[in-house]
Amino acid sequence: MKTFVHDPRRRLLLSAGGGLLLSAVLIHRAGAADEIEIAMSGTPSGSRVWFRPRGLLIRPGQTVRWINREAGNVHTTTAYHPANGKPLRIPTAAAPWDSGFLMPKESFAITLDVPGVYDYFCRPHEQAGMVGRIVVGEADASVRPYADTDAQLPAAALAGFPDVARILKGSPIE
Ligand SMILES: [Cu+2]
């Protein structure tokens, strides 16, 4: 329930009393039981930006929702895919996504069904290393995925992908 702690509705309801909080919890569970949040955030000055977690393991069919948790910066979540002008770094059978610019508090969700490794980035901040990696189901931990396209990515982006073996251990990687 870590994502829920950051929900601004909860803070409001907490101050309004326990009864209201209980109903908020029930609504949350009914509406987003299987969604996993990835926050888009950064330092107030914008000097550092990130997806959190940037490394995530999910089951096929789970939904991931990116939310812009900043007050004054826009972000995107964009799959590394030729449709987005980038090399392919998601499973070949998977559909690409591009959220477009998300203003503060806006969000974008997708459901990932095809097992494998998904690399994605933020359009305005790829050069600053704002990237993430999701492993859906199983993946080969012994190979470095998409190594053939590494040279086409900014160094800061490449440095941002957690190792698949580390993601497969199961704990979200900040
Ligand atoms: Cu960004």
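User: How many helices and how many strands does the protein chain have?

Analyst: This is a predicted model. Read along the sequence, its elements follow the pattern α-α-α-β-β-β-β-β-β-β-β-α-α. The count for the protein chain is five helices and eight strands.

User: What share of the residues of the protein chain count as buried?

Analyst: Buried means under 20% relative accessible area. The protein chain has 174 residues. The share of them that count as buried is 45%.

User: What is the order of the strands in the open sheet?

Analyst: Strands of a sheet pair through backbone hydrogen bonds, either parallel or antiparallel. Here the sheet has four strands and mixed pairing. The edge strands are β2 (49-52) and β6, each pairing on one side only. The order is β2-β1-β4-β6.

User: Do β1 and β4 run parallel or antiparallel?

Analyst: Strand β1 covers residues 35-42, and six bridges join this strand to β4. A39 stands opposite I67 in β4. The two strands run parallel.

User: In which sense do β4 and β6 pair, parallel or antiparallel?

Analyst: Strand β4 covers residues 62-68 and shares six bridges with β6. V64 stands opposite I110 in β6. R65 has A109 as its bridge partner. The sense of the pairing is antiparallel.

User: Why is β4 largely enclosed by the rest of the structure?

Analyst: A residue counts as buried under 20% relative accessible area. Strand β4 has seven residues. It is largely enclosed because the number of them that are buried is six.

User: Which residues form the covered face of β6?

Analyst: Strand β6 covers residues 107-112 and has two faces. S107, A109 and T111 make up the uncovered one. The covered face is F108, I110 and L112.

User: Which element gives the most residues to the largest nonpolar core?

Analyst: This core has 22 residues, and W66, W97, L112 and I134 touch the most other members. The elements that give two or more residues to this core are β1, β2, β3 (55-58), β4, β6, β7 and β8. The one that gives the most, with three residues, is β6.

User: Which residues does W66 touch, leaving out those up to four places away in sequence?

Analyst: W66 is one of the core residues that touch the most other members. Its contacts include two more of those residues, W97 and I134. The full list is I38, M40, F51, T77, W97, L102, E106, S107, F108, I110, Y120 and I134.

User: Which protein residues are the donors of the copper ion?

Analyst: The donor atoms lie 2.0 to 2.5 Å from the copper ion. Along the chain the donors follow the spacing H-x46-C-x2-H-x4-M. By name and atom, they are H75 (ND1), C122 (SG), H125 (ND1) and M130 (SD).

User: What arrangement do the four donor atoms around the copper ion make?

Analyst: Four donors count as tetrahedral if all angles lie between 85 and 135 degrees. Here the angles run from 94 to 129 degrees. The arrangement is therefore tetrahedral.

User: How many residues apart are H75 and H125?

Analyst: H75 sits in the loop between β4 and β5 (78-79). H125 sits in the loop between β7 (116-121) and β8 (131-136). The pair links distant parts of the chain, and the separation is 50 residues.

User: Is H125 buried or exposed?

Analyst: The cut-off for buried is under 20% relative accessible area. H75, a fellow copper donor, has 0% and is buried. H125 has 12%, so this residue is buried.

User: What distance separates the C-alpha atoms of I90 and I134?

Analyst: I90 lies in the loop between β5 and β6. At 1% relative accessibility, I90 counts as buried. Along the chain, I90 and I134 are 44 residues apart. Their C-alpha atoms are separated by 9.3 Å.

Note on methods
Residues numbered from 1 in each chain as written. Predicted model: local features only at pLDDT ≥ 70, side-chain atom pairs only at ≥ 80, totals over all residues. Heavy atoms only, no water. Buried < 20%, exposed > 50% of the residue type's maximum accessible area, 1.4 Å probe, protein only. Pairing = 2+ DSSP bridges. Donors = N, O, S within 2.8 Å, 3.2 Å for Na, K, Ca; no water. Tetrahedral: all angles 85-135°; square planar, octahedral: opposite > 155°, others 65-115°. Core = buried A, V, L, I, M, F, W, Y, C linked by side-chain atoms within 4.5 Å. Contact = heavy atoms within 4.5 Å.
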